Structure formats: structure tokens, C-alpha cells
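Dear colleague,

I am passing on the structure we spoke about, with the sequence and the coordinates together below. Please have it open while you read the notes that follow.

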Amino acid sequence: MNIVYASSESYARHTAVSMVSLFEANKKAKNLDVYVLSMGITDESRKRMQEMAESYHRKLWCIEIGNVREKFNFDVDARGFGVHVMGRLFMGSFLPETVDRVLYLDCDTVVVRPLKKLWGWELQGNVLAAVMEPTIYKSVKEKIGLKDTDAYVNAGVLLIDLKQWRDTGVEKRLLEFFKSKGGSLFGCDQDIINGALKGRICYLPPQYNFFPNYRYFSYGELVHYSETYLAVEKEEFLRAKRKPSIIHYAGDERPWVAGNLNHYKKAYEQALSLTPWAGAEKEKGKELYMLGYHLMDYLTFVCPWIRREISRRFGMKAVESRSRERNMGELQNKEGSAPKILVLLAAFQGSSYIEEQIDSILAQTVPNIQILISDDGSTDGTREIAQRYESEYPGKILCRHRVKEGKCSNQSKGVPDPAMNFFWLLSQADADYILLSDQDDKWLPNKVERLLERMMEIEKPDCPALVFSDMQVADDKLRPINSSFFEYGHCNPDRLSFAEILVENPITGGAMMMNRKLAEIAGKVPKACFMHDWWIGLCAACFGQISCVKEPLSLYRQHEHNVLGARKTGSLEDLKERRVRGEQVRENYRQMFCQARAFGKMYGERLSQPQRQVLKAFLKLPGKTPAGRLVSIVRNRFYKSSWIQTLAQCITIPKEGRP
């Protein structure tokens, strides 16, 4: 038998528990080889596992596959779950070619009976076999293109024809399916497998992947959830309750959580006692929740419709909430303490809106956020409002104004005043994660939380990182204009390469979060820039990584005093308007090329050779004919968000490229 796990260091202990239970239950198996697809398992944990396998005279290979996120050529939103769960998608690439059939097991499984019969299961020409999960939410099935009459399987136990997997290009098919869903699905790789391999999966008896909470469901109740479960005979289901072969602790009552009353927890505890992690303490803090959950289990016996109603009303929300808690906990463990989060608020003549914005930042679901405010010499009472908040929230809100009084005289003519204010704030910033705030927006309560989740997913040690989100466009009274800033401005948030950001910036300052490393690089005041957020985006594209949360997390207030504002770009009407404001268009181009030239002077030595070539080609555009520009635009991918804008820039870029 070839057994495969995919695990990170945080699940190393549970992987060892599953592994030792496998060895104990299959002592008579002649050949039993284990492959662990590792995503950062430490040398110490590997050594422990290796010694444990050797004590059972079994072979263990721990294969490091690195950062799973880098295996995708598109942005991935793991929806709060650890990205390592998707490591199983790449087993065909990392396992030896001689391995042509595998049994994949989740780390939170325990094997209690021999698996000889399962290993020899006939796949009938299908790619894999798995156990049905009838209680999956209908909305999840609909998202991946499954009907009510289609079965949905749990991916915790998969018997796979790995030869067919490779020969038919299943890995590529899975990735293409995930990309078509925007790189974000509720059940991550489980949804991908169900959606992409529809019609190529056969079904195993429930004893081979039994959820502990199914003990409290009747057969009829599971059929009520999904009639596809009629394919499972009632006796098979009852046998699984009495004598499961593989227990999958997929519910809330996990045996390593203190206070759990899981009926099958002894199987985990006995296996744990045989591992080098024996005696490990249980996770504390959820004792009351565990009691309440167990009471709901017994309520399922008596009133199953109540369980259905609870699941319908709160199930999806509860899972999302637990995922967010897990992410925050992992981040805290990684940093050793809660990360320091700082919001930089640049203000000027904003007395009409700034209170509402500060209140929305104070209402964020993530605690311990500090706000640093710099007023640029307002005369309308903005500074007094900021200082009042500072006195009401000592230590949480700080005022460090760039100028003492009166309108600031900018020392750099190539940098707009609002950008200078933000650069000043960045020079004063000392935090793990930094957000920029305009004075007239309003943040949704979960904005920082969602951006922090995404940051945690993409961030690498000592690597600059930036995440940003969509926004709702509203008028000066916050009445809705459009539910999406991207849609309203015909802005494509996937245009994140250096070449694309040179031409057009999809990242709005008030929607971004950056880590300390990016702030250190991008915080230096340039000789010229169009605006601070564009400059920061260029730095992130060149030296780090960028990811977009494609949901509105704030309200972008559109009013007559916006410095730039949201525009309906990319339409024929916009092109007509550009002709009217021709001088402004020419000035915008002038600033764009001045910014690119300043970027090259500041960071030229740090750019890679391809980046230098792209920058050089971009700076040559003003000196070319419209036809020559078009050739260069296509060759270097200097595309704007719409083809109309792309063609227009061939004509409207002014000949003079220098100020």
C-alpha cells in the first residue's frame, strides 16, 4: 500500500497520530510505504516521524514541496483555511513515477481496522474513489456546478489511480477549474476535486471515512439532506457507526480540544500515546462550546429538523468565523504576540467626514489597531477634531502633523501634497502591518480582518507584500452609486505586473495594506510620483508580491473635493470627455513618465534585467509614432484595463516625455 499525507508543522502531531494508527491496524500488511508531502515540517518533527516508522519496520518518505501558493499562477483565497490543505492536488508531480496507485489520508484521520479490502477496491475506470458527504451545503454544490442529484464526496480519504491521474492531466484540469472560479471556493481543494472530476469518481462505503457527528444522524435524515445517499445501503451506514475503519475528525468535536465529548475520541488518544507527541496538552478555551455542540448532537436524535435549521442559519457563518479565528491564532503564534497594526490617516480640510471615518476604524473586528493622523494645515476644524480623538483615545490615536499651521509648502514639486503627507506618515510608522486611510471613506467592520487574513496567506519571510480590496462607490451622503469600484472604473484588479502598473494603477491607497518590509522600501520620498499609492504599487510589483481581495471592504465617498476620484473610464463617453480636458490628459501622461523615470533613478540598480528592459521600453513610448507605440505596447504588455484606453494611449501620449 502507498499512503499519502499532506501536512504542515502545525499538523505534524496529528499526522503522526494517523500514521501510527495506520501501522497498528495494518501490522499484517507486507508492503506499506508512507509519503508525507511536507509544507514546512521541521527537521525535528521529521526525525520523530522517521524513527516512529522505523520502529514498525515501515518506509517513510518526507517530500518537501515548499509554498503551495507558488504552485498556482493566479491569486488564491484559501477562505481562512491553511493553504497546505491543497498540497494533495500536486501529488502526481511530487511522488515517484513508479507509484501508480495511492490512498490519500487527511492528517485528522485515525485508522482502526485493516485497509486491505479498501486498497484492492475496483475503481471501474474512474480516477478516484471517495465517501459521500450528504450534509454539504447546497450553495457549495451550486458554486461548483453540481445539481441536487449529483453526489458530493469528502476528500479526507481518496483512493486514487495515480497513473490515470498523470496520463489524463488531472492536475492541470484541477487548476484550470479553480482558476475559473476566481481562485476562491468554500471547501478549497475538496470543492475543486468534486467540481473538476464530476463523473470520474466512484463511491466507497461510509466506514472508510466516517464523521463522528454522523453517529447522531439517522439513515433517513441523511437521505433527507441528499437523496444521492440512497446509493449507500442502510446496513452499510449502520455498520459504519458500529465498526468504522477510518474515523475522520472533521467536525467541531476534535479530540485534541479540551472539553470535547467525542464518542470516538479514545481512538485518537490511544494512537497519540504511541507517538513521540504522547502527553501533549489539549487546546483550551472552548469547553463551553464543546458542551453546547455535544448537546446539539443529542438533540439531532430527537429533533433532527432543529439541527437542519441551525445548520441552515448559522453553519456557513460559523465555519467562516472559525477559519478567521484559526488564521489569527496562527499569525499570533508565528509572530510570538499579536501583530502591530497601524492606520495612517492623512487629513486636510476634512471636518465634514473625518469623524465618521475614524469611528469606522475604531469599530474594526481586529483589536489593538493604532491610528496615526497627520493634518496638512487645515483651517476648517479638522485638526481640532483629530486632537479631540487623540485625547479621548490616548495611546490608540496619535497626531503627528507634518506642518504646524497653515497650508504646507511642498518641498518637492514632483510629488502632490496628499502624497507628501502619506510619505511623511510612512516615515513615522513602526508596525508589522500598515494601512492607509483617506479622511472621507468609511470602512466596513471586517476590513482589516479580511486584509490581514490574505496578508498572512501570501506573506513570506523578508519579502515585501501588499494586499488590497474592492470598494463600494457612494456619494457624499454615503448613498450607493455602485457596489464595485473596480466595475465602476472599468478597473481590472488582476493587472498586477510591473509593466501593467507602469501604465495604470489598479490599487487605491485607502484599500491597501502593506507589510513592514514594503513600507521600508516604498516609504522613501521620490523625486516625482503621480500619487503615493501608484508609487507603492510599483514597489510591490517589482520587489514583492500583491494580492487582491475581490470584495468591497469600504465605502469610497465620491464628492466634489476628491483629489482624484472614481471615474467611469474605458467607455466612448470617457474618450470624448478626454478630448475636452486635453491639457489635463497631457499633464497626467507627463506625471506618469516622470514617475517612471524617478523610479528608475531610485531603484534602477535593484531591478532585474527584464524589469530594466521593460522600464526602458516604457520611457521610449513618447518618442515613438502611434504605430510604433502600439507595437511596443503589445510586445511589453503595456495594456490598460480596456482595449479602447489601450488604443487611445497610442494617440494621446504627448511627444514630449520629459518635463
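How much accessible surface does the chain have, and what percentage of that surface belongs to carbon and sulfur atoms? The accessible surface comes to about 29,300 Å², and carbon and sulfur atoms account for 51% of it. Please keep in mind throughout that this is a predicted model, and that the values below are computed from it.

As for the chain as a whole, its secondary structure consists of 26 helices and 18 strands, and 57% of its 659 residues count as buried. Among the contacts in the chain with a separation of 6 or more, 77% are accounted for by residues that stand 24 or more positions apart.

Starting with the N-terminal helices, the axes of helix 1 (residues 12–25) and helix 2 (residues 43–55) come within 11 Å of each other and cross at roughly 5 degrees. Angles under 35 degrees count as roughly parallel, and helix 1 and helix 2 are therefore described as roughly parallel to each other. On the side of helix 1 the contact is made by A12, T15, A16, M19, V20 and F23, while helix 2 contributes S45, M49, M52 and A53.

Further along the chain there is a nonpolar patch on the surface, of about 410 Å², which is made by L630, V634, W643 and L647. The elements that give two or more residues to this patch are helix 25 (626–636) and helix 26 (643–652). L647, which lies in helix 26, has a relative accessibility of 41% and so counts as partly exposed, given that this class covers values between 20% and 50%.

Two backbone angles also deserve a mention. Most residues other than glycine have a negative phi. R637, in the loop between helix 25 and helix 26, has instead a positive phi near 65 degrees, and with a relative accessible area of 47% this residue is partly exposed. The other case is D462, which is found in the loop between helix 17 (447–458) and strand 15 (465–474), and whose phi is likewise positive, near 60 degrees. Is D462 buried or exposed? Its relative accessibility is 68%, and because values over 50% count as exposed, D462 is placed in that class.

With best wishes

Notes
Residues are numbered from 1 along each chain as its sequence is written. This is a predicted model: local features need pLDDT of at least 70, side-chain atom pairs count only at pLDDT 80 or more; totals for chains, interfaces and linings use all residues. Side-chain values use heavy atoms; hydrogens and water are left out. Patches are made of residues with over 30% relative accessible area and no salt bridge: like charges are joined within 9 Å, nonpolar side chains (Val, Leu, Ile, Met, Phe, Trp, Tyr) within 5 Å. Accessible areas come from the Shrake-Rupley method with a 1.4 Å probe; for residues, only the protein chains shown count as cover. A salt bridge is a side-chain nitrogen of Lys or Arg within 4 Å of a carboxyl oxygen of Asp or Glu. Helices (H or I, at least four residues) and strands (E, at least two) are DSSP runs, numbered from the N terminus. Buried means under 20% relative accessible area, exposed over 50%, partly exposed in between (1.4 Å probe, protein chains only). Axes are lines fitted to C-alpha atoms, for helices over the stretch in contact, and angles run from 0 to 180 degrees between N-to-C directions. Angles under 35 degrees count as roughly parallel, over 145 as roughly antiparallel, 65 to 115 as roughly perpendicular and the rest as oblique. Contact means heavy atoms within 4.5 Å.
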